[in-house]
Amino acid sequence: MSVIIILLCVSFLISLGFLFSFFWSVKDGQYDDSVSPANKILFDTKNIKNVKK
Amino acid sequence: MHTSRLATKCYHCGNEFQVNKHHSSDEKTFCCSGCKSVYELLNENNLCNYYELNEHPGQFIQKEIRKEKYAFLEDPKIQVQLIQFQNKNFTHLTFYIPQIHCSSCLFLLENIYKFDSGIISSYVNFERKEVFIQFNNEKTSLRNVVETLEKIGYEPHLSLKGFESSPQAYDKALLYKIGFAGFAFANIMIYSLADYFAVQDPIEAKLDLLFKYFSLILSIPVLLYSASDFFRSAANSLKQRYINIDVPIALALIITFSKSVYEISTQSGSGYLDSMAGIVFFMLLGRWMQSKTISSLSFDRNFRNFFPIAVNKLVDGKGVPTLISELQEKDIFQIHSQEIIPVDCILSKGIAKLDYSFVNGESDIHEASIGELIYAGARQTGSKIELITLKPLSQNYLNNLWNNPRYNKKENSGFQILFDKIALYFTIGVLLLGFGSFAYFYFQGEYQLMWNALTTVLIVACPCALLLSQTYTYGHILNLFQKNKFFIRNAEVISALSEIKHIVFDKTGTITEIGNSSVKYFGRKLKPQEMENIYSILSNSMHPASQNVLSYLNQKEAKFIEHFKETLGSGIEAWIDDQHYKMGSVQFVGTQSQTDIMGTKIVVAIDQEIVGEFVIETPYKKGIKALFQKLTKQFKLSILTGDNDRERDNLKKLVSEETELKFYQSPEQKMNYIQQLQEQKSVPVMMVGDGLNDAGALLQSHVGVAVMNQANSFTPSSDAIIASDSLDKLDSLIQLSAKSKSIINYTFIISAIYNLTGLYYAIQGTLSPVIAAILMPISSISIIGISYFWSRYSAKILGLKIN
């Protein structure tokens, strides 16, 4: 029985971790703009090449 | 007179232009020197990736950039209004740049530091079309930054604090609530599953109880925090003595929770906490979807947004940048080409060619002479002029018009009330059913079942399904509208749209393209002598069409004509050089038109011989005729315009006979016309317009739709904004909103079937928590799925874009 209680506590703590990471992402403004981050990743690398020239 | 078919696309902006006029650089062709210079600038800075990411990403550079245009940005008083943060070294600010539209824009704006070493960083928010810029005060200035942006074709829209109502920001608190409800729902579900499938074992009974108390603890914040909006809204509506949909929801939540507490504490059952957390989660999710309107558009605009921030005031012959709100009576100021005149004033120097189309809907350019009164809101299309202020900004004509209390009145359009009425009947029905079964078991003497039946009926018949079907369907339709470039203020507009019976259109800018009507000549080539004669005769005519032909012929001098006769509205006859000239409408000259181009026609006959005709082409938007044909089948139409009635005959060809056409309408008259329709015929009216002159009518109507002519143009305050090239889909869009009603009804019925199944057990008092726990998510998920696929399917059938 005690095994299950430990399991319960651990799983609860893990899900709590996800909840707080979600809160963090909202607070950080990850949902402000859903278009640009995906694009920014793409042209960043090419950009560095240009700088090195 | 034939235009060359050899056209090619500009490498920068994608505009088509004729090959013989091109500008080129590096084997690439450009339509104008402006586009070319942007390319060269990018090339110099190694930013030609811009052109690789998207084809023709650039903005057409229409005008020469005036050197002193942004001189006013050096005034600290103006700077303060724009800057968010400033210390000795750094300045932070955000620009709104309506031109942002693709990943190339993103790329260029985030690399803007390459043009100006003083810019430390720039960060683009694509959805809001904003750029956040940090720059170093010592290396660059606000003016330089703005000028750099303008040079590459991204001229920011500058507006002073307090004048711009910022676009709706999304509600972060709602996201937190959804997050927590989802977290609690998942955890409670896991604990409950263990409970449902546990074998009755005395050793595990303690563990079972532990799970239940754990669920109970988790569900308290769901009720008090996540679901708090439902309680608040329910309390508000009760205070105002009416019942909205949140009242039965709040009631159901309270009963579900208290019954679960009772069952768990007396160990008589497992409660319905999993269902409660789940339903709160799904309902909040639905509200979130429904509230996702586009964040880069502002639906509440004050007319001041259309004005420049500052003008050059002349003090001792020198231009001093001055805020328009600080212009005093008798101040002299300059207005340059394409700028809007901010105050009522008198022309003192230069040639004013004014475009009043935005203010009163007149499409003709008005040429003002020196000393003439000019009203605020006119756009100067000629070159630089000097003006004397007559009244300060706060007292001008537009301001007075705007402050008319009727402009600020916006009644509750009644559709939410309709929905709340359904909620009321629903609540009454459920209460009757609950107490009915309560009474039934009471008289049967089954006291235990009696309480059970009452509470479970209230729990299972929760109006949540009603709310879910509404919010999700509206959410999907909102999304579909946006894909078709139709943006609405909020989800309530959807149901208002479906009620519309009468549609009123504005003409100038709404169904016609903005800009001068173009004149074309068809027929045999005119001799120079004849051109001169035609010019001389027409210069005697007062008809606006003659004025257009005059500017087309562009002759130096008009000869004096002794004998001429003008028949008002049809044409003019004259004798000149022993020749008889007859010019005017097709009927007047007595012939048939040889061209099928829409527009006003002036046929020319010399000595009874038809020589040719001038066609003043009205640039009606593409698909307008087809749109009107489709709309007349379902709606009554009217066209109101501030313009003259020259277009009457052409408009008649576009619309059916019952359509009312009204010309010379002032903004006030337009508003009154809508009000009359609403009061006398009591029909819901939709107004489609674009300019400030329609602003009153847009507000007065049930649904005001503003037409956005360019991605970066500004629209007056309205309920919805439609892109100009989507206007021909207006009928399909209205039909889709009408369809939403049946989608909501049917999804509600489907989910009600699940609920009725539950109710069947509930009334008997034998609803097991397992069944409740299975019914709840199935019913919610089927609502979401059905409304999603159905609304997409409807949109597809109506010929709308769905991806």
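This text walks through a predicted model of two chains, from their overall make-up to one small sheet.

Start with chain A. Its secondary structure comes to two helices and zero strands. Buried residues make up 2% of its 53 residues. Chain B has 803 residues, and 42% of them count as buried. Its secondary structure holds 25 helices and 30 strands.

How do the chains meet? On the chain A side, 20 residues are in contact with 22 residues of chain B. Both helix H1 (2–27) and helix H2 (36–52) of chain A take part, each supplying at least two residues of the side that touches chain B. That side of chain A divides into 10 nonpolar, six polar and four charged residues.

Now turn to the layout of chain B. The domain assignment gives domain 1 (7–53), domain 2 (71–151) and domain 5 (518–617) as single segments. Domain 4 is given in two segments, 308–341 and 344–391. Domain 3 is given in three: 172–293, 417–475 and 738–797. The C-alpha centres of domain 3 of chain B and domain 4 of chain B lie 63 Å apart. Contacts in chain B also link residues distant in sequence. Among those with a separation of 6 or more, 65% join residues 24 or more positions apart.

Next, the interior. In soluble globular proteins, nonpolar side chains tend to be buried together. Here the largest nonpolar core has 113 residues. Which residues have the most contacts inside this core? They are B:Ile374, B:Met687, B:Ala720 and B:Ile722. Take B:Ala720 as an example. Leaving aside residues up to four places away in sequence, B:Ala720 touches B:Phe486, B:Phe487, B:Ile488, B:Arg489 and B:Val493. B:Ala720 also touches B:Val703 and B:Val705. Apart from the largest core lies another, of 56 residues. Its members include B:Ile279, B:Phe441, B:Val457 and B:Leu467.

Last, a sheet in chain B. Three strands form an open sheet in the order S14-S13-S16, with antiparallel pairing. Why do strand S14 (365–368) and strand S16 (379–380) of chain B each have one side without a neighbour in the sheet? Both stand at the edges with a single partner strand, so one side of each is left open in this way. Strand S13 (residues 352–355) of chain B is joined to S14(B) by four bridges, and the two run antiparallel. Within this pair, B:Asp355 stands opposite B:Ile365 in S14(B).

Methods. Residues are numbered from 1 along each chain as its sequence is written. Chains are lettered from A and ligands numbered from 1 in the order in which they are written. This is a predicted model: local features need pLDDT of at least 70, side-chain atom pairs count only at pLDDT 80 or more; totals for chains, interfaces and linings use all residues. A residue is buried if 20 or more other C-beta atoms lie within 10 Å of its own, exposed if 12 or fewer, and partly exposed in between; C-beta atoms are placed from the backbone. Two residues are in contact if their C-beta atoms, placed from the backbone, lie within 7 Å. Domain bounds come from an automatic or database domain assignment. A nonpolar core is a set of buried Ala, Val, Leu, Ile, Met, Phe, Trp, Tyr and Cys residues joined through C-beta atoms within 7 Å. Ala, Val, Leu, Ile, Met, Phe, Trp, Tyr, Cys and Pro count as nonpolar, Asp, Glu, Lys and Arg as charged, and the others, Gly among them, as polar. Two strands pair if DSSP finds at least two bridges between them.
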